[in-house]
Amino acid sequence: MAKYVGALDQGTTSTRFMIFDHAGAVVGIDQKEHEQIYPKPGWVEHDPMEIWTRSVEVIRGALAKAGITAADLAAVGVTNQRETTVVWDRRTGKPIHNAIVWQDTRTADICNTLAKDGGQDRFRAKVGLPLATYFSGPKVKWILENVEGARAKAEAGDLLFGNIDTWCIWNLTGGVDGGVHVTDVSNASRTMLMNLETLDWDPDMLAVMGIPRAMLPAIKPSSAVYGKGVGDLAGVPVAGDLGDQQAALFGQTCFSAGEAKNTYGTGCFMLLNTGTKPVPSKSGLLTTLGYKIGDQPAVYCLEGSIAITGALVQWLRDNLGMIKTSPEIEDLAKTVDDNGGVYFVPAFSGLFAPYWRNDARGVIAGLTRYVNKGHIARAVLEATAWQTREVLDAMNADSGVALTALKVDGGMVFNELLMQFQSDVLAVPVIRPKVAETTALGAAYAAGLAVGFWNAVEDLRANWQKDKEWHPQMDSSTRESEYKLWKKAVTRTFDWVENH
């Protein structure tokens, strides 16, 4: 009898395979980074072949570390960096271009042109998203228009498109030799091509973007058996697929309307479960799919996406050399008592929620001779908390429900200074679960549910345990005056890139 469930977690900077037992505890993990490719300012790419190689390596590595084989796995789920776009040849299995990463801004002209007729929210009612460089549809359009011969091959049915989940599942299930070409509702809802009501590719959107339907994967539930693994996972049902933020929502067991989580990774993503009806946003949030379990109704979310949070710490480490390892930022920030009046708005690839400004670029405001690197480090951490506050304000406005506590996960939640400051600026408790790697856990849960390893979501709720809770300590006048300065700093990032 299979005792475990596996999850392939393909993220922006690394890939890992995690193995969980029935209680949701980690029994094996292996992780490897992949190259970040920056061909031009604002362009960000990955090599899909390298990502697949890393996936194979970490699957093998985690199985070896856990001392188990494929036969011990009841199912495998996949979770992925969303919106990162791959187009490949169905016959050779080779991509025709590097993957265009979600942070990439090269599609700004495409988005601006489409927005001339009807504005940035032209398609929001249909797809839940503003016109922004973030989403996959414009990226596919760019590839078809800029890679020689791509358009003709796509029209002939020789090219396949997918976000990274689709690319991984296709390869996991055989690739050119019978691989299944699927995605789930959560990933499909990030393309600008799926209709929120029908949960199918929208013919009008495909026409607008000039994308042949033959390229597109079949849209499936997030928890369902798609096919069987090959190679190291031979015979294991591939049965879960969730975009990384939706997977974290699932792993945090936010199964009731009104429950929310925030994931602190390369970017920061807050999702609020709004139930089985889409809630349109008037405050700059995304209306997106949360998940769909088998033939049950789909569950929708409001999402606030922030492009740069953990990536700002990496930038401080790699580009400026102010720290040698990411965790050092907390010690550096603790050398000062406050930010010294400094605010750092990391609009490196424009601003996401709630502004959606492709023309914004990063700003450090409030510099004086007094400021030292401790203040900069503190401003870097505070930027994550302030951006989260802006998203929470938008969520409260849209949903009409005031959040009472925030469940948090991801790499940055072990930064005590940040978590305390986050609680301070939100004025609600911040709660970290025992298993902070909720993204992989969510994918494992979806896969396990599909094959009966877990019977119902109530089994998953029983697994969730609190590790630590932070309570607000800042007085409201300090909170609001600092927030006002933050918002002032944000306005200084606007209109930096001139759109011709």
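**Close-up views of cores, rings, pockets and cavities**

**View 1. M215 and its contacts in the largest nonpolar core.** M215 touches V87, V140, L144, A154, L159, L160, F161 and H181, leaving aside residues up to four places away in sequence. The model shown here and in every other view is predicted. The largest nonpolar core has 137 residues. Within this core, M215 is one of the residues that touch the most other members, along with Y134, I211, F250 and Y264. Helix α12 provides the largest share of the core, 12 residues. In soluble globular proteins, nonpolar side chains tend to be buried together.

**View 2. A second, separate core.** This core holds 31 residues. Among them are V58, W88, C168 and Y226. C168 also belongs to the buried residues of α6. W88 is buried, with a relative accessible area of 0%.

**View 3. A tilted tryptophan pair.** The whole structure contains 23 aromatic pairs. One of them joins W88 and W170, with 5.4 Å centre to centre and 55° between the planes. The pair is tilted, because an angle over 60 degrees would count as edge-to-face and one under 30 degrees as stacked. W88 sits in strand β6 (residues 85-89) and W170 in helix α6 (residues 164-172). The two partners are 82 residues apart, so distant parts of the chain are linked. Are these two rings buried or exposed? W88 has a relative accessible area of 0% and is buried. W170 is also buried, at 4% relative accessibility.

**View 4. F352 and W356, a stacked pair.** The ring centres lie 5.3 Å apart and the planes meet at 15°, so the pair is stacked. Both F352 and W356 are buried. The two residues also belong to one aromatic cluster. Its other members are W102, Y134, F135 and F269. Y134 appears again among the residues that touch the most other members of the largest nonpolar core.

**View 5. Helix α6 and the residue G174.** Helix α6 is mostly covered, with 9 of its 9 residues buried. The buried residues are I164, D165, T166, W167, C168, I169, W170, N171 and L172. Just after the helix comes G174, which takes a positive phi of about 125°.

**View 6. G227 in strand β11.** G227 is found in strand β11 (residues 223-228). Its relative accessible area is 15%, so it is buried under the 20% cut-off. Which residues does G227 contact, leaving aside neighbours within four places in sequence? They are T173, V236, P237 and V238. The C-alpha atoms of G227 and I169 are separated by 8.7 Å, and the two residues are 58 residues apart along the chain. I169 is a buried residue of α6.

**View 7. The largest pocket.** Its space is about 1000 Å³. The pocket is lined by 40 residues, and Y264, G265, T266, G411 and M412 are the closest to its centre. Which element gives the most to the lining of the largest pocket? Helix α10 does, with 5 residues. At least two lining residues each come from β2 (14-20), β3 (26-33), α9 (244-251), β13 (260-264), α10 (310-318), α11 (328-333) and α14 (438-450). The lining divides into 12 nonpolar, 19 polar and 9 charged residues.

**View 8. The second largest pocket.** About 640 Å³ of space lies here. The lining has 24 residues, and those closest to the centre are Y38, V44, Q103, W315 and F348. Helix α10 supplies the largest share of this lining, 5 residues. By residue class, the lining has 8 nonpolar, 10 polar and 6 charged members.

**View 9. The largest cavity.** Rolling a probe the size of a water molecule over the atoms shows where empty space is left. The count comes to 3 cavities of 30 Å³ or more. The largest cavity has a volume of about 100 Å³. Of its 15 lining residues, I306, L351, F352, A353 and Q387 lie nearest the centre. Elements giving two or more residues to the lining are β16 (299-306) and α12 (373-399). The lining has 11 nonpolar, 3 polar and 1 charged residues. F352, seen in View 4 as part of the stacked pair, is among the residues nearest the cavity centre.

Terms used:
Residues numbered from 1 in each chain as written. Predicted model: local features only at pLDDT ≥ 70, side-chain atom pairs only at ≥ 80, totals over all residues. Heavy atoms only, no water. 1 Å grid on protein atoms, 1.4 Å probe; cavity = no way out; pocket = protein on both sides within 12 Å on 5 of 7 lines; lining within 4 Å. Points joined across faces, edges and corners; volume = space filled by probe spheres on them. Helix = DSSP H or I, 4+ residues; strand = E, 2+ residues; numbered from the N terminus. Nonpolar A, V, L, I, M, F, W, Y, C, P; charged D, E, K, R; others polar. Core = buried A, V, L, I, M, F, W, Y, C linked by side-chain atoms within 4.5 Å. Buried < 20%, exposed > 50% of the residue type's maximum accessible area, 1.4 Å probe, protein only. Contact = heavy atoms within 4.5 Å. Phe/Tyr/Trp six-rings, centres within 6.5 Å; stacked < 30°, edge-to-face > 60°.
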